[in-house]
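This report is a guided reading for someone meeting the structure for the first time. Please keep the sequence and the 3D view at hand while going through the sections below.

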Amino acid sequence: MKIMWETAVVFCLCSLSLVSSHSRKFTTPNVTRLTDQFTKITIENGFVRRFGAHNIQVNGSLAKLTLDKSSGAGLVSKNKYHYGFFSARLKLPAGFASGVVVAFYLSNAESYPKNHDEIDIELLGRSRRDDWTIQTNVYANGSTRTGREEKFYFWFDPTQAFHDYTLIWNSHHTVFLVDNIPVRQFPNRGAFTSAYPSKPMSLYVTVWDGSEWATKGGKYPVNYKYAPFVASVADVELSGCSVYNGSSIGSGPCTKSGGSISSLDPVDGQDFATLSKNQINAMDWARRKLMFYSYCSDKSRYKVMPAECN
């Protein structure tokens with residue numbers, strides 16, 4: 001991996017609980033639970049049905065999204081956001097789920113079809129076996145020809161219980177977190193800036209058929225014999241700068257009326273401008289132990305590497 005991250009020489013304070021993935025045991029790093037610091041909202045307050053309405057069941061703060069032969073299903077936030085903290089607890093479909101994609105992502109493709117931005121956490125059903133993987137990606141200004149994917153194994157079974165999936169996006173950096181552990185940071189500086197999402201985006205939660213690309217170009221498509229595939233969504237947190245026609249609205253963290261800014265403000269707060277030493281250490285753990293693909297190491301795909309990889 002050639003991306004230069006902010007680094008620090010620190011010692012790991014780790015929890016004693018052991019989790020298993022791919023017959024290996026890991027001691028997970030101890031990190032601050034950022035998801036405990038924001039207010040959870042109901043599904044109806046935060047979202048509308050984007051597609052597959054007949055495959056969406058909502059009960060308060062819980063939604064179940066189903067993929068079957070008729071369609072997938074998707075929610076989209078009522079508001080657009082220019083930076084913020086976005087999180088949800090997800091439980092993935094159990095059983096054989098090759099080609100199934102559960103996505104938690106920010107995008108403005110509907111507003112900017114030719115130069116859209118996107119920040120993705122995509123959870124991919126694996127081929128031949130029941131394991132799922134985590135894929136992260138970033139697009140800016142329609143740069144879809146340059147995929148900036150990084151992929152990780154899970155360190156737990158994502159089908160057996162709810163787990164936290166979080167995006168932090170502000171003017172300083174974009175951070176991808178799973179169970180509050182940062183797995184990737186995309187800074188807004190240097191060579192990264194030209195590829196940094198900068199326009200207001202909506203938050204989406206979807207389940208859909210990714211057979212054409214999620215499993216080696218469609219080699220292992222969704223097998224609907226195992227349908228329905230149900231993804232559960234709960235405890236959504238949307239704390240960001242809501243925008244309407246380019247102007248901020250409401251009383252969110254984007255509203256500045258003078259005085260000091262809270263350190264917990266995910267847009268401008270100091271606690272969200274950089275990763276802490278424990279977070280840097282935890283991200284290093286995830287990348288060393290669990291990352292199995294980075295676009296910056298894919299020489300067969302890119303004859304000339306994206307600028308930020310150098």
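## A buried lysine in a loop

Lys199 is buried, because its relative accessible area is 13%, and a residue counts as buried when that value is under 20%. The model is a predicted one, and in it Lys199 belongs to the loop that runs between strand 14 (181-187) and strand 15 (202-209).

Which residues surround this lysine, once its neighbours within four places in sequence are left aside? Lys199 is then in contact with His82, Asn108, Tyr112, Asn115, Asp117, Asn141 and Trp169. One of these residues, Trp169, returns below as a buried member of strand 12.

## The chain as a whole

The protein chain contains 3 helices and 18 strands, and of its 310 residues 52% are buried. Its accessible surface amounts to about 14,300 Å², with 49% of that area belonging to carbon and sulfur atoms. When contacts between residues at least 6 apart in sequence are considered, 67% of them join residues at least 24 apart.

## The open sheet

Eight of the strands can be followed across one sheet, which is open, has 8 strands in the order 3-6-15-8-9-10-11-18, and pairs them in the antiparallel sense. At its edges stand strand 3 (47-51) and strand 18 (291-294), each of which has a single partner strand, so one side of each is left without a neighbour in the sheet. On average, and with direction ignored, neighbouring strands here are turned by 15° against each other.

Within this order, strand 9 (residues 118-125) and strand 10 (residues 132-139) run antiparallel and are joined by 8 bridges; in this pairing Glu122 stands opposite Gln135 of strand 10. Towards the other part of the order, strand 3 and strand 6 are antiparallel and share 4 bridges, with Leu75 in strand 6 as the bridge partner of Arg49. Strand 6 also pairs with strand 15, again in the antiparallel sense and over 4 bridges, and here Ala73 has Val207 of strand 15 as its bridge partner.

## Two strands covered on both faces

Strand 6 (residues 73-77) is mostly covered, since 5 of its 5 residues are buried. In a regular strand the side chains alternate between the two faces of the sheet. Both faces of strand 6 are covered, with Ala73, Leu75 and Ser77 buried on one side and Gly74 and Val76 buried on the other. Ile56, found in strand 4 (residues 56-59), is buried with a relative accessible area of 8%. Beyond its neighbours within four places in sequence, Ile56 is in contact with Arg49, Phe51, Lys64, Leu65, Ala73, Gly74 and Leu75, and its C-alpha is 7.7 Å from that of Gly74, although the two residues are 18 apart in sequence.

Strand 12 (residues 163-169) has 7 of its 7 residues buried, so it is largely enclosed by the rest of the structure. On one of its faces lie His163, Tyr165, Leu167 and Trp169, and on the other Asp164, Thr166 and Ile168, all of them buried. Strand 12 pairs with strand 7 (residues 80-91) in the antiparallel sense over 7 bridges, one position being that of Arg89, whose bridge partner in strand 12 is Asp164. It is also joined by 5 bridges to strand 13 (residues 173-178), likewise antiparallel, where Leu167 stands opposite Phe176; a hairpin of 3 residues connects strand 12 to strand 13.

## Nonpolar cores and a helix

Which members of the largest nonpolar core touch the most others? Among its 66 residues, these are Leu90, Phe104, Leu123 and Trp155, while strand 16 (residues 229-244) contributes the largest share of this core with 7 residues. A second, separate core of 10 residues includes Leu34, Ile168, Leu275 and Met283. As for Leu90, leaving aside its neighbours within four places in sequence, its contacts are Val102, Phe104, Leu123, Ala161, Phe162, His163, Tyr165, Val205, Ser232 and Val233.

Helix 3 (residues 277-289) has 13 residues and reaches 18 Å from its first C-alpha to its last, close to the 18 Å expected at 1.5 Å a residue. Its buried residues are Gln279, Ile280, Asn281, Ala282, Met283, Trp285, Ala286 and Arg287, and among them Met283 is also a member of the second core.

Key
Residues numbered from 1 in each chain as written. Predicted model: local features only at pLDDT ≥ 70, side-chain atom pairs only at ≥ 80, totals over all residues. Heavy atoms only, no water. Core = buried A, V, L, I, M, F, W, Y, C linked by side-chain atoms within 4.5 Å. Buried < 20%, exposed > 50% of the residue type's maximum accessible area, 1.4 Å probe, protein only. Contact = heavy atoms within 4.5 Å. Pairing = 2+ DSSP bridges. Axes fitted to C-alpha atoms, helices over the stretch in contact; angles between N-to-C directions. Areas by Shrake-Rupley, 256 points an atom, 1.4 Å probe, with all protein chains shown as cover. Expected span 1.5 Å × (residues − 1).
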